[in-house]
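Hi everyone, thanks for coming. I'll walk you through one structure today, so please get it up on your screens.

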Amino acid sequence: MEDRDVKLIEKILSLKKARNAVILAHNYQLGEVQDIADFVGDSLELSQNAAKTDAEVIVFCGVHFMAETASILCPDKTVLLPDIHAGCPMADMITAERLKEKKKKLPGVTVVCYINSSAEVKAEADVCCTSANAVKVIESLDADEILFVPDQYLGHYISTKTNKKLILWSGFCPTHVRIRSDDIKRLKLEYPHAQVMVHPECRPEVIALANEVLSTGGMVRFARQTETKAIIVGTEVGIIHRLRKENPDKKFISASEQAVCPNMKLITLEKMLWSLEEMAPEVRVPEEIHIRARAAVNRMLKMGGGSSPSAKEQEKCQSMRERQDARGSNENHLSLSG
Ligand code: 13P
Ligand code: SF4
């Protein structure tokens, strides 16, 4: 590691302590960002962690909807997204207005929204889900007909696992659609003993070739537990860092080097430091939206694993915010030595 990086990391860690902050990072983040995070995980694990942390500040190393979910679960904490432009193009493929129009055409329909969506869209949904609990959430619903938004491929995958009728939105992940069935077929010939694990955001023809269809957290667990020594990985390339680090005796082969999410790569060590120095950019969801969005997220946490913040935890968040406000804005410009 270069001297410059060592200094940068020292500064981030010391400021993290001074701010009483926690660093949460998604499995697709750059290796150096994952390495200094307090917790690395998938969307469900990150939201569970955000809901439970005692820290006053969450530095969210991921994309916008993930930081918003953290803010929805604990609106009185300060949630920082070190690059405010880190969005999710799939989440942008639906708006609350368009969803409202669709709901008018399907009166009374139950709406399940993938966590990769804006807070406004979540506010219009009955319940959320992630790739880790989507089938479980859908199966726990009383309704037989469900409008699933916005990922058509995750929706298609769920429909192969349930008897319920799913009406699908036409969104997709531009990163996962880059993984082609020919990539998997070629790699299976090259590594005949390898297992194939893919994310449910992949195209159906890619999913059809997989041994395992898993969230990124599920992939991390599968890689640890399996006896297989070689695994073809059909998801964003950033996860390979963690898989190799945790399983040095196993071989991980990326299904496609083109499966890069440019938004996930916007978070860097430099931006994390600036963010902690400036206490910005902050992601905060307006109250009228977060109350309705939180109902959908909490329903998911109850149905699909995980626990929503208790009244006591939410009270604790409230008093943290009051303490922070009392300290005033001067403290937002802590200077660093070294
Ligand atoms: P996971 O919840 O499986 O980590 O997926 C998040 C995501 O954005 C996949 O593209
Ligand atoms: Fe969104 Fe796809 Fe990036 Fe995940 S990998 S954040 S779904 S664009």
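Before we look at what covers what, one term: two residues are in contact if their C-beta atoms, placed from the backbone, lie within 7 Å. Also keep in mind that this is a predicted model.

Okay, the overview. The protein chain has 338 residues, and buried ones make up 47% of them. You'll find 15 helices and 12 strands in the chain. If you take the contacts with a separation of 6 or more, 65% of them are between residues 24 or more positions apart.

Let's start with helix H1, residues 3-19. H1 has 17 residues and reaches 24 Å from its first C-alpha to its last, close to the 24 Å expected at 1.5 Å a residue. Which residues of H1 are buried? They are Ile12, Leu15, Lys16 and Arg19. These cover an arc of only 110 degrees around the axis, which puts them on the same side of H1. Here's a bit of background: an α-helix has 3.6 residues a turn, so residues three or four places apart point the same way. What covers that buried set includes strand E1 (21-26), helix H2 (31-36), strand E3 (57-61) and helix H13 (269-278). On the face turned away, H1 carries exposed residues, among them Asp3, Glu10 and Lys17.

Right after H1 comes Asn20, in the loop between H1 and E1. Asn20 isn't a glycine, yet its phi is positive, about 50 degrees. Is Asn20 buried or exposed? Somewhere in between: Asn20 is partly exposed, because 14 other C-beta atoms lie within 10 Å.

Now compare that with helix H3, residues 43-52. Here 8 of the 10 residues are buried, so H3 is largely enclosed by the rest of the structure. The buried ones include Ser43, Leu44, Glu45 and Gln48. Among the elements covering the buried residues of H3 are E1, strand E2 (39-41), E3 and helix H14 (287-303).

On to the core. The largest nonpolar core has 96 residues, and Ile58, Val59, Phe60 and Val112 touch the most other members. Helix H4, residues 64-73, gives the most to this core, with 6 residues. Click on Ile58 if you like: leaving out residues up to four places away in sequence, Ile58 touches Val22, Leu24 and Ala50, among others.

Next, the two ligands. Around ligand 1 you'll see residues including Asn27, Asp42, His199 and Glu201. By class, that shell has 1 nonpolar, 8 polar and 2 charged residues. Ligand 2 is surrounded by 14 residues, and the closest are Cys88, Met90, Cys173, Thr175 and Cys261. The shell of ligand 2 has 8 nonpolar, 4 polar and 2 charged residues. Cys173 turns up around ligand 1 as well.

Last stop: the loops. Where do we find Met279? Met279 sits in the loop between H13 and H14. Its phi is near 50 degrees, a positive value in a residue other than glycine. Pro281 is in the loop between H13 and H14 too, and a cis peptide bond joins Ala280 and Pro281, with omega about -10 degrees. There's another cis bond from Val149 to Pro150, with omega near -15 degrees. Pro150 lies in the loop between strand E7 (145-149) and helix H8 (152-159).

That's my tour, thanks for listening!

Methods
Residues are numbered from 1 along each chain as its sequence is written. Chains are lettered from A and ligands numbered from 1 in the order in which they are written. This is a predicted model: local features need pLDDT of at least 70, side-chain atom pairs count only at pLDDT 80 or more; totals for chains, interfaces and linings use all residues. A residue is near a molecule or strand if its C-beta atom, placed from the backbone, lies within 6 Å of it. Ala, Val, Leu, Ile, Met, Phe, Trp, Tyr, Cys and Pro count as nonpolar, Asp, Glu, Lys and Arg as charged, and the others, Gly among them, as polar. Helices (H or I, at least four residues) and strands (E, at least two) are DSSP runs, numbered from the N terminus. The expected span of a helix is 1.5 Å times one less than its number of residues. A residue is buried if 20 or more other C-beta atoms lie within 10 Å of its own, exposed if 12 or fewer, and partly exposed in between; C-beta atoms are placed from the backbone. The arc is that of the directions from the helix axis to the C-beta atoms. A nonpolar core is a set of buried Ala, Val, Leu, Ile, Met, Phe, Trp, Tyr and Cys residues joined through C-beta atoms within 7 Å.
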